[in-house]
Structure formats: C-alpha cells, structure tokens
Amino acid sequence: AFVLYMLFLTYERKKKTVAKTIFDKEGITLLANRLKQIRKEKGFTQEELAYQSELTLSQIARIETMKTNPTVSTIFCIARTLEIPVSELFNFQLPKK
C-alpha cells in the first residue's frame, strides 16, 4: 500500500509540473491574417513563400490557418523573404482581455 501511495504522489507532482502550452488565439489569429494579407500584397503564393523562405508549405499553411504557433526564427525567415521589417507582421492591435 505504501508503494502505491508513493507512486500516486509522484504521479500527482508530475501532473502539476507539466508546462501548459501558451496559445493566445486572438494574437495568433491576427498574426495569421496579417501574414496572409502581406503575402498576397507581395504576390506570393503559399508555395512560393515556403520555398523561398526554406520552410515547408505545411508550415505556412498551418500559420495562416492558426493551427500552429510559429517560432521567432520562422517569423524572421518569412519577414526576410517578404522583404519587410518583422514589426510589419505584428502591425495590429491586440484586444484587451
């Protein structure tokens, strides 16, 4: 019984220490819409942007459909390819909580 109790305590501690995924849906949606807008303004298809950024088509599509939280490095690659300042991708106002 003691061993089972210790296993239970260990399990409970691990559950509490698991990091939560940080995902700001409003922010990711605004970023996705902004990327799509700029990409189209610059005359890129998703395929062209992916190829020239050395990313996968899936990465670009998942960013634009809010299915992923892009890394800073990915944002840098996209901004370089689009020849825009990184800040241009974040040119939107986050809603207040």
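In which helix is the place of Ser 58? Select Ser 58 in this predicted model, and the surrounding element turns out to be helix α4, which covers residues 57-64. Colouring by accessibility at this position shows a residue that counts as partly exposed, because its relative accessibility is 42% and that class lies between the limits of 20% and 50%. Keep Ser 58 selected and add Gln 46, which is 12 residues away along the chain, and the distance between the two C-alpha atoms reads 9.1 Å.

Move next to Thr 81, a residue of helix α5. Is Thr 81 buried or exposed? Thr 81 counts as buried, since its relative accessibility of 13% falls under the limit of 20%. Showing the side chains here brings up a polar contact of 2.9 Å between Thr 81 and Ser 53. If residues up to four places away in sequence are set aside, the residues that Thr 81 touches are Phe 44, Leu 49, Gln 52 and Ser 53, so that Ser 53 appears both in this list of contacts and as the partner in the polar contact.

The aromatic rings are the next stop. How many aromatic pairs are there? The count comes to 1 aromatic pair, and to see it, select Phe 90 together with Phe 92, whose rings are 6.2 Å apart from centre to centre, with 40° between their planes. The pair is classed as tilted, because that angle lies between the limits of 30 and 60 degrees. Phe 90 is partly exposed, with a relative accessible area of 40%, and Phe 92 likewise counts as partly exposed, at a relative accessibility of 24%.

Leave Phe 90 displayed, as it leads to the last stop, the largest pocket, where Phe 90 is listed with Ile 28, Leu 31, Asn 69 and Pro 70 among the residues that lie nearest the centre. The volume of this pocket is about 200 Å³, and its lining consists of 13 residues. Which helices each supply at least two residues of that lining? Select α2, residues 25-41, and α5, residues 72-82, to display them; the largest share, 3 residues, comes from α2. Helix α5 is also the element in which Thr 81 lies, so a selection made earlier in the tour can serve as a landmark here. Colouring the lining by residue class, finally, gives 9 nonpolar, 3 polar and 1 charged residues.

How values were computed: Residues are numbered from 1 along each chain as its sequence is written. This is a predicted model: local features need pLDDT of at least 70, side-chain atom pairs count only at pLDDT 80 or more; totals for chains, interfaces and linings use all residues. Side-chain values use heavy atoms; hydrogens and water are left out. On a 1 Å grid over the protein atoms alone, a cavity is a set of points where a 1.4 Å probe fits but cannot get out, and a pocket is an open set with protein on both sides within 12 Å along at least five of seven lines; lining residues have an atom within 4 Å of a point. Grid points are joined across faces, edges and corners, and a volume is the space filled by probe spheres set on the points. Helices (H or I, at least four residues) and strands (E, at least two) are DSSP runs, numbered from the N terminus. Ala, Val, Leu, Ile, Met, Phe, Trp, Tyr, Cys and Pro count as nonpolar, Asp, Glu, Lys and Arg as charged, and the others, Gly among them, as polar. Buried means under 20% relative accessible area, exposed over 50%, partly exposed in between (1.4 Å probe, protein chains only). Rings of Phe, Tyr and Trp (its six-membered ring) pair if their centres lie within 6.5 Å; planes under 30 degrees apart count as stacked, over 60 as edge-to-face and the rest as tilted. A polar contact is a pair of N or O atoms within 3.5 Å; within protein, one must be able to donate a hydrogen and the other to accept it, and residues adjacent in sequence count only if both atoms are side-chain atoms. Contact means heavy atoms within 4.5 Å.
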